[in-house]
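Hi everyone, thanks for coming. I'll put the structure up first, and then we'll walk through it together.

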Amino acid sequence: MATCLFRSPLAFRLQCFLDTRKTAGRRSVASQKILVYLDRFLLGELQPGETITREIAGRWIKSLESLSIGTRINRLSMLRQCCLY
């Protein structure tokens, strides 16, 4: 595994998800950036051992309100894929 790009309590899981995407041939700089944005948000939201809850996801969605609809859709899609992973 490459050097971990993330620092939140879910850093290891985010890195594994990104590595899995890369292994599957989905090498996207945009995906990596979205995951870094999510990680930064989670730094202030999660304590070690916690996971993403509906409330935390709702706060992240609320924080995206100033972005364009396309950007919000992309970020929500990445959050969904990561949660499914």
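Let's begin at one glycine: Gly-25, sitting just after α1, takes a positive phi of about 90 degrees. Before I go on, a word on where this comes from: it's a predicted model, where local features need pLDDT of at least 70 and side-chain atom pairs count only at pLDDT 80 or more, while totals for chains, interfaces and linings use all residues. Residues are numbered from 1 along each chain as its sequence is written, and side-chain values use heavy atoms, with hydrogens and water left out.

Okay, the overall picture. The protein chain has four helices and zero strands, where helices (H or I, at least four residues) and strands (E, at least two) are DSSP runs numbered from the N terminus. So how big is the thing? Its C-alpha atoms fill a box of roughly 30 × 30 × 20 Å along the principal axes. For 85 residues, a compact globule would have a radius of gyration near 12 Å, and the chain has 12 Å, so that agrees. That radius is taken over C-alpha atoms, and the globule rule is 2.2 Å times the number of residues to the power 0.38.

Back to α1. This helix covers residues 11-23, and at 1.5 Å a residue its 13 residues should span 18 Å; the end C-alpha atoms are 18 Å apart, so that fits. The expected span here is 1.5 Å times one less than the number of residues.

Which residues of α1 are buried? They are Ala-11, Leu-14, Gln-15, Cys-16, Phe-17, Leu-18, Asp-19 and Arg-21. Buried means under 20% relative accessible area, exposed means over 50%, and partly exposed is in between, with a 1.4 Å probe and protein chains only. The cover over those residues includes α2 (29-43) and α4 (69-84).

Now the inside. Nonpolar side chains tend to be buried together in soluble globular proteins. Here, the largest nonpolar core has 19 residues, and those with the most contacts inside it are Phe-6, Leu-14, Leu-35, Leu-38, Leu-42 and Trp-60. α1, α2, α3 and α4 are the elements giving two or more residues to this core, and α2 gives the most, with five. By core I mean a set of buried Ala, Val, Leu, Ile, Met, Phe, Trp, Tyr and Cys residues joined through side-chain atoms within 4.5 Å.

Take Leu-14: leaving aside residues up to four places away in sequence, Leu-14 touches Phe-6, Ser-8, Leu-35, Leu-38, Asp-39 and Cys-82. A contact is heavy atoms within 4.5 Å.

Ser-8 is a nice one to look at. Ser-8 is in the segment before α1, and at 5% relative accessibility it counts as buried. What does its side chain make a polar contact with? That's the side chain of Asp-39, at 2.6 Å. A polar contact is a pair of N or O atoms within 3.5 Å; within protein, one must be able to donate a hydrogen and the other to accept it, and residues adjacent in sequence count only if both atoms are side-chain atoms.

Last stop, charges. There are two salt bridges, meaning a side-chain nitrogen of Lys or Arg within 4 Å of a carboxyl oxygen of Asp or Glu. One joins Arg-59 and Glu-45 at 2.7 Å, N to O. Arg-59 lies in helix α3 (residues 54-63) and Glu-45 in the loop between α2 and α3, so the pair ties together parts 14 residues apart in sequence. Glu-65 and Lys-62 also meet in a salt bridge, at 3.3 Å, N to O.
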